[in-house]
Amino acid sequence: MPTDGGRRRSRPARRARGSLSSEEILIAAEKLVNDHGVRELSMPSLARALGAGVTSIYWYYRSKDDLLAALIDKVTKDMYLRLPPIGEGPWDDEILDYFVAWRDLLERVPVYREVAAYHAQTMYLRTRMAPAILRRLDDGLGLFVRAGLTPDESVRAFNALSNFTRAFVLVEHGMQAEVVTRDMLDDINRTLAARAAELPLLSTVSDINAPLGDEHYRLGLRLLIAGIKRSHRSLGTRPARRPARAGAR
Amino acid sequence: MTEVKRAEARAPRSPARKRRPRGSLSAEEIVDAAAELVRRDGLDGLSMPSLARSLGAGVTSIYWYYRSKDDLLIALAERAVDEVYSELPPIGGGAWADKVWRFVEHMRAGLRSSPIWLALVWERPKLMFSRPSVMPMLARRLEEELGAFTRLGLDIEQVWQLHMMFVAYTRGFVLMQQGIDAEQQDPQATESLTDALVRLPEAEAPTLRAVTDLDAVIAITDEAFDAGLKFLIEGIQAEFGSGKRRGSSRRATS
């Protein structure tokens with residue numbers, strides 16, 4: 001919206017030199033990604049949004065990569081700070097709560113989703129790993145250790161839950177964004193009905209067009225947790241208190 | 001027809017480019033060019049005008065073959081499904097868990113091999129399945145997968161939920177992998193984690209310090225995908241218990 005307005009006015013008033021700050025640039029970049037997606041982020045589009053010259057942005061960020069790295073840094077820190085702390089309850093309840101909360105955040109704030117999905121690894125790598133992020137990561141892993149897994153086993157379990165969550169949110173969002181017409185849905189149902197003999201199971205699904213939602217996410221989460229338990233028989237048989245050896249180096 | 005004319009009048013802005021002679025286009029050539037555009041700019045980058053420009057042809061000549069962008073997407077999908085699925089081995093027999101494992105792995109291999117197919121099912125899943133021409137090969141495999149689940153004694157609605165969940169995991173994971181491919185791989189990956197740990201007081205982050213492979217903390221790799229898939233299948237085993245028959249003896253001895 002501001003972009004449009006800026007465009008239509010013959011010439012947006014240029015800012016005075018030196019009135020920009022790196023902070024302000026990042027806030028504008030975040031807004032741009034929130035509104036239009038990470039693909040629309042460019043130095044010119046950012047300059048337009050700020051009503052500044054492209055050169056003044058380059059003064060703060062030498063390249064789009066630099067800018068993106070700073071944005072990822074900011075967004076990752078903000079995101080982790082907004083997650084509720086991990087509590088003292090049973091590990092499986094805590095894990096469930098943790099990931100449900102993370103997913104909600106990814107759903108609600110597009111820039112978080114974009115960063116977590118498209119810059120999945122950079123999110124950690126380029127971030128100057130703020131202590132807050134490390135502590136939180138460690139708390140998450142600690143839940144599994146408390147329940148009896150080794151640190152390496154905990155990493156695999158935690159990573160699986162984390163990847164599932166990000167993957168799910170991405171695909172769910174893609175489905176929600178599709179413009180679906182009544183005709184398309186009718187076509188799907190008609191094709192299935194016509195092939196019922198060949199597709200006895202598929203053709204009996206009551207609502208084949210139901211979109212992905214909470215119930216699918218929670219199903220996956222529940223199965224992952226059950227699978228982690230089953231793969232590590234020790235889980236659940238030990239008290240959820242922190243065992244002494246977890247502190248050893 | 002008038003609408004088409006108007007579209008043409010609006011479209012190509014470079015008069016310098018030489019127009020092709022009428023009738024020199026072929027459907028195949030159009031789909032080739034469309035595939036190229038999608039590969040480069042994603043589905044958003046494909047439009048009738050952009051396609052006409054890249055072909056050096058008028059928009060009208062494209063409309064003669066494909067009436068809409070959706071029709072073009074379907075043509076791309078038909079080709080992708082053919083390429084992707086003719087390469088894949090059949091799912092084959094065996095225990096339900098093995099069949100599900102193979103179904104998911106094949107789906108992943110297919111998506112991984114064709115960025116266009118990935119983009120299509122990610123952004124236009126309903127369109128893809130609304131056309132009978134795209135459906136048959138997929139539907140047959142799908143039916144086999146669903147059949148594997150029903151052996152667990154689940155009803156079809158539960159089975160469909162499981163399927164949707166696996167689809168989300170697989171497509172999303174491949175999308176993330178593609179994102180990583182597109183970024184420069186950062187060789188200092190683990191170093192930055194290690195560095196960060198060094199900056200923390202030693203009493204903090206005890207678990208991370210005890211991890212031998214810090215790469216695994218943030219891994220979005222084939223192995224990481226398999227690890228998740230394995231947990232999911234184990235989870236089905238645990239929750240919907242094939243345990244009734246085979247697992248019970250194991251449970252009794254443990």
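**View 1. Arg222(A) and its neighbours across the chain boundary in the predicted model.** In this predicted model, Arg222(A) touches Glu239(B) and Phe240(B), leaving aside residues up to four places away in sequence. Arg222(A) belongs to helix α12 of chain A. With a relative accessible area of 38%, Arg222(A) is classed as partly exposed, since that class covers values between the 20% limit for buried and the 50% limit for exposed. Within chain A, the C-alpha atom of Arg222(A) is 14 Å from that of Phe158(A), and 64 residues separate the two in sequence.

**View 2. The interface between chain A and chain B.** On the chain B side 75 residues take part in the contact, and they meet 79 residues of chain A. The two chains bury about 6,800 Å² between them, and carbon and sulfur atoms account for 64% of that area. Trp122(B), Lys126(B) and Phe231(B) together provide 12% of the area that chain B buries against chain A, which is more than any other three residues supply.

**View 3. The largest pocket, with a lining drawn from both chains.** The largest pocket encloses about 1,400 Å³ of space. Its lining comprises 45 residues, of which Val38(A), Arg39(A), Tyr118(A), Trp122(B) and Glu123(B) are the closest to the centre of the pocket. In chain A, helices α2 (22–36), α5 (64–82), α7 (110–118) and α10 (151–177) each supply at least two lining residues, and in chain B the same holds for α2 (27–41), α5 (69–87), α7 (115–123) and α10 (156–182). Helix α7(B) gives the most to this lining, with 6 residues. By residue class, the lining of the largest pocket consists of 18 nonpolar, 10 polar and 17 charged residues.

**View 4. The largest cavity and the residues around it.** The structure contains 4 cavities of 30 Å³ or more, and the largest cavity has a volume of about 490 Å³. There are 27 residues in the lining of the largest cavity, and the closest to its centre are Phe129(B), Leu142(B), Trp160(B), His163(B) and Arg171(B). Chain A takes part in this lining through α11 (182–194), while chain B does so through α6 (96–113), α7, α8 (125–130), α9 (135–150) and α10, each of these helices supplying at least two residues. The lining of the largest cavity is made up of 21 nonpolar, 3 polar and 3 charged residues.

**View 5. The aromatic pair of Phe164(A) and Tyr217(A).** Over all chains, the count of aromatic pairs comes to 16. In the pair shown here, the ring centres of Phe164(A) and Tyr217(A) lie 5.8 Å apart and the ring planes meet at 15°, so the pair is stacked, because planes under 30 degrees apart fall into that class. Phe164(A) sits in helix α10 of chain A and Tyr217(A) in helix α12 (residues 214–231) of chain A, so that the pair links distant parts of the chain, 53 residues apart. Both Phe164(A) and Tyr217(A) are buried.

**View 6. The aromatic pair of Phe173(B) and Phe225(B), and the cluster that includes it.** Phe173(B) and Phe225(B) form an edge-to-face pair, with 5.1 Å from centre to centre and 70° between the planes. Because Phe173(B) lies in helix α10 of chain B and Phe225(B) in helix α13 (residues 222–240) of chain B, the pair ties together parts that are 52 residues apart in sequence. Phe173(B) and Phe225(B) are both buried. Together with Phe164(A), Phe168(A), Tyr217(A) and Tyr169(B), these two residues form one aromatic cluster.

**View 7. Asp73(A) within the helical fold of chain A.** The secondary structure of chain A amounts to 12 helices and 0 strands, and Asp73(A) lies in helix α5. Asp73(A) has a relative accessibility of 6% and therefore counts as buried, the limit for that class being 20%. The C-alpha atoms of Asp73(A) and Pro110(A) are separated by 16 Å, the two residues being 37 apart along the chain. Of the 249 residues of chain A, 52% count as buried. When contacts in chain A between residues at least 6 apart in sequence are considered, 71% of them join residues at least 24 apart.

Technical notes: Residues are numbered from 1 along each chain as its sequence is written. Chains are lettered from A and ligands numbered from 1 in the order in which they are written. This is a predicted model: local features need pLDDT of at least 70, side-chain atom pairs count only at pLDDT 80 or more; totals for chains, interfaces and linings use all residues. Side-chain values use heavy atoms; hydrogens and water are left out. On a 1 Å grid over the protein atoms alone, a cavity is a set of points where a 1.4 Å probe fits but cannot get out, and a pocket is an open set with protein on both sides within 12 Å along at least five of seven lines; lining residues have an atom within 4 Å of a point. Grid points are joined across faces, edges and corners, and a volume is the space filled by probe spheres set on the points. Helices (H or I, at least four residues) and strands (E, at least two) are DSSP runs, numbered from the N terminus. Ala, Val, Leu, Ile, Met, Phe, Trp, Tyr, Cys and Pro count as nonpolar, Asp, Glu, Lys and Arg as charged, and the others, Gly among them, as polar. Rings of Phe, Tyr and Trp (its six-membered ring) pair if their centres lie within 6.5 Å; planes under 30 degrees apart count as stacked, over 60 as edge-to-face and the rest as tilted. Buried means under 20% relative accessible area, exposed over 50%, partly exposed in between (1.4 Å probe, protein chains only). Contact means heavy atoms within 4.5 Å. Buried area is the accessible area (1.4 Å probe) that two parts lose on being put together, summed over both.
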